[in-house]
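User: I would like to learn how to read the features of a structural model, step by step. Could we take one feature at a time, with the general idea before the case?

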Amino acid sequence: LIIGGLLLPNNPALAAAVMAGAYALGAGSGLAAAVLLRRTVLPGETAPLVMELPRYRRPSLRTAAWTAFDRMRLFVRKAGTVILLFSLALWVLAEYPKSSPGPEVNELQARAASVAAAGDATRADVLRGEASRLRDREKLTHSFAGRAGHLIEPVLEPLGFNWQIGLGIATSLVAREVIVSTLAVVYGAGDPSAPGATTSLVDNLRRATRADGTPLFTIATCLSLLVFYVLALQCTSTIAIVRRETGGWKWPAIQFAGMSAMAYLASLAVFQVLKAFGIA
């Protein structure tokens with residue numbers, strides 16, 4: 001939904017089509033992987049399946065609504081608490097250790113004070129906003145989270161990702177939804193104290209830039225990120241279930257490594273092909 005909003009902010013129908021395309025890609029890749037495994041790693045006859053089916057009845061709207069509500073409640077209670085805990089932990093990692101403002105920040109603040117003293121309040125506010133954004137960037141870069149993100153940035157750079165997106169990918173290993181809260185922390189969504197900030201994560205991402213000042217979330221980067229999350233295994237609960245069903249760590253490890261490699265290669269191909277055509 002976020003990527004659809006970034007790519008097509010004024011066309012909700014096409015944004016919905018992007019989301020539907022992501023589901024179609026997931027289903028298609030799952031079928032293709034099943035056929036490939038059936039002909040290579042897991043050959044042989046299909047095991048017989050005996051299942052007792054219930055009597056067919058007319059669907060009950062009340063039962064369907066109650067089932068949907070119950071599943072939503074379980075998700076909010078289980079996944080929501082995990083997301084909240086990781087968001088709080090990430091906030092601590094993004095805030096500490098504290099660092100002193102750099103010379104560029106001090107210079108901008110001094111210029112803002114000088115301009116304000118000269119009576120140009122509008123220009124002074126602009127300079128204060130630039131100083132605040134630069135200060136936030138410096139603080140995040142020197143934090144524990146920033147240092148971890150910089151370590152994995154060279155691996156993800158060919159996919160069009162920077163260290164902030166890499167940090168979101170790393171934290172979302174517990175559950176893919178966590179990348180939303182991670183990007184909100186990294187890019188300051190919902191911080192009304194920051195000059196020029198908005199409460200919309202999409203707006204903040206649309207203004208995000210790379211180190212050289214070029215826009216970060218271009219068409220190529222957005223599609224690359226979407227493909228990565230469609231194919232990658234970003235869910236520890238799935239790994240735990242596979243481990244329980246197979247009775248060991250062999251197949252969960254193979255599954256995680258295989259899906260991660262597939263996601264990386266597909267995302268790499270998407271970004272590099274679009275970049276070759278000048279869309280990056």
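**Reading a predicted model**

Analyst: Glu 45 has a relative accessibility of 79% and therefore counts as exposed. This residue is found in the loop between α2 and α3. Please keep in mind throughout that the model is predicted.

User: How far apart are the C-alpha atoms of Glu 45 and Pro 103?

Analyst: They are separated by 70 Å, and the two residues are 58 residues apart along the chain. A second pair serves as a companion case: Glu 177 and Cys 235 are also 58 residues apart along the chain, and their C-alpha atoms are separated by 9.3 Å. Glu 177 lies in the loop between α7 (163–171) and α8. Its relative accessible area is 34%, so Glu 177 is partly exposed.

User: Which secondary structure elements does the protein chain contain, and how many?

Analyst: The count comes to 12 helices and 0 strands. Read from the N terminus, the order of elements is α-α-α-α-α-α-α-α-α-α-α-α. As for overall dimensions, the C-alpha atoms fill a box of roughly 85 × 45 × 40 Å along the principal axes.

User: What percentage of the residues in the protein chain is buried?

Analyst: The cut-off needed here is that buried means under 20% relative accessible area. By that criterion, buried residues make up 29% of the 280 residues in the chain. One helix offers a clear example: α7 is mostly covered, with 8 of its 9 residues buried. The buried residues of α7 are Trp 163, Gln 164, Ile 165, Gly 166, Leu 167, Gly 168, Ile 169 and Thr 171.

User: How should I read a salt bridge within a helix?

Analyst: The general idea concerns helical geometry. An α-helix has 3.6 residues a turn, so residues three or four places apart point the same way. For this structure the count comes to 3 salt bridges.

User: Where do Arg 73 and Asp 70 lie?

Analyst: Both lie in helix α3 (residues 61–95), 3 residues apart, about one turn of the helix. Their side chains meet in a salt bridge with an N to O distance of 2.5 Å. Arg 73 counts as partly exposed because its relative accessibility is 36%, and Asp 70 counts as partly exposed at 23%.

User: Which helix holds Arg 128 and Asp 125?

Analyst: That helix is α5 (residues 121–141), where the two residues are 3 residues apart, about one turn of the helix. The side chains of Arg 128 and Asp 125 meet in a salt bridge at 2.9 Å, N to O. Arg 128 is partly exposed at 40% relative accessibility, and Asp 125 is partly exposed with a relative accessible area of 47%.

User: Why are Arg 206 and Asp 203 separated by about one helical turn?

Analyst: The reason is that they are 3 residues apart in helix α9 (residues 201–207). Arg 206 forms a salt bridge with Asp 203, and the closest N and O atoms are 3.2 Å apart. Arg 206 is partly exposed at 37% relative accessible area, and Asp 203 is partly exposed at 31%.

User: How is a pocket found and described?

Analyst: The underlying idea is a probe. Rolling a probe the size of a water molecule over the atoms shows where empty space is left. In this model, the second largest pocket has a volume of about 780 Å³. It is lined by 22 residues, and the closest to its centre are Leu 1, Ile 2, Ile 3, Leu 226 and Tyr 229.

User: Which helices each supply at least two residues of that lining?

Analyst: They are α1 (2–7), α2 (12–39), α8 (178–186) and α10 (219–231). The largest share, 6 residues, comes from α2. By character, the lining divides into 19 nonpolar, 1 polar and 2 charged residues.

User: Which residues form a nonpolar patch on the surface?

Analyst: Leu 37, Val 41, Leu 42, Trp 251 and Ile 254 form the patch, and together they have about 430 Å² of accessible area. One of these residues, Trp 251, has its place in helix α12 (residues 250–276). Trp 251 counts as partly exposed because its relative accessibility is 34%.

Note on methods. Residues numbered from 1 in each chain as written. Predicted model: local features only at pLDDT ≥ 70, side-chain atom pairs only at ≥ 80, totals over all residues. Heavy atoms only, no water. Patch = residues over 30% accessible without salt bridge, like charges linked within 9 Å, V, L, I, M, F, W, Y side chains within 5 Å. Areas by Shrake-Rupley, 256 points an atom, 1.4 Å probe, with all protein chains shown as cover. Salt bridge = Lys/Arg side-chain N within 4 Å of Asp/Glu carboxyl O. Helix = DSSP H or I, 4+ residues; strand = E, 2+ residues; numbered from the N terminus. Buried < 20%, exposed > 50% of the residue type's maximum accessible area, 1.4 Å probe, protein only. 1 Å grid on protein atoms, 1.4 Å probe; cavity = no way out; pocket = protein on both sides within 12 Å on 5 of 7 lines; lining within 4 Å. Points joined across faces, edges and corners; volume = space filled by probe spheres on them. Nonpolar A, V, L, I, M, F, W, Y, C, P; charged D, E, K, R; others polar.
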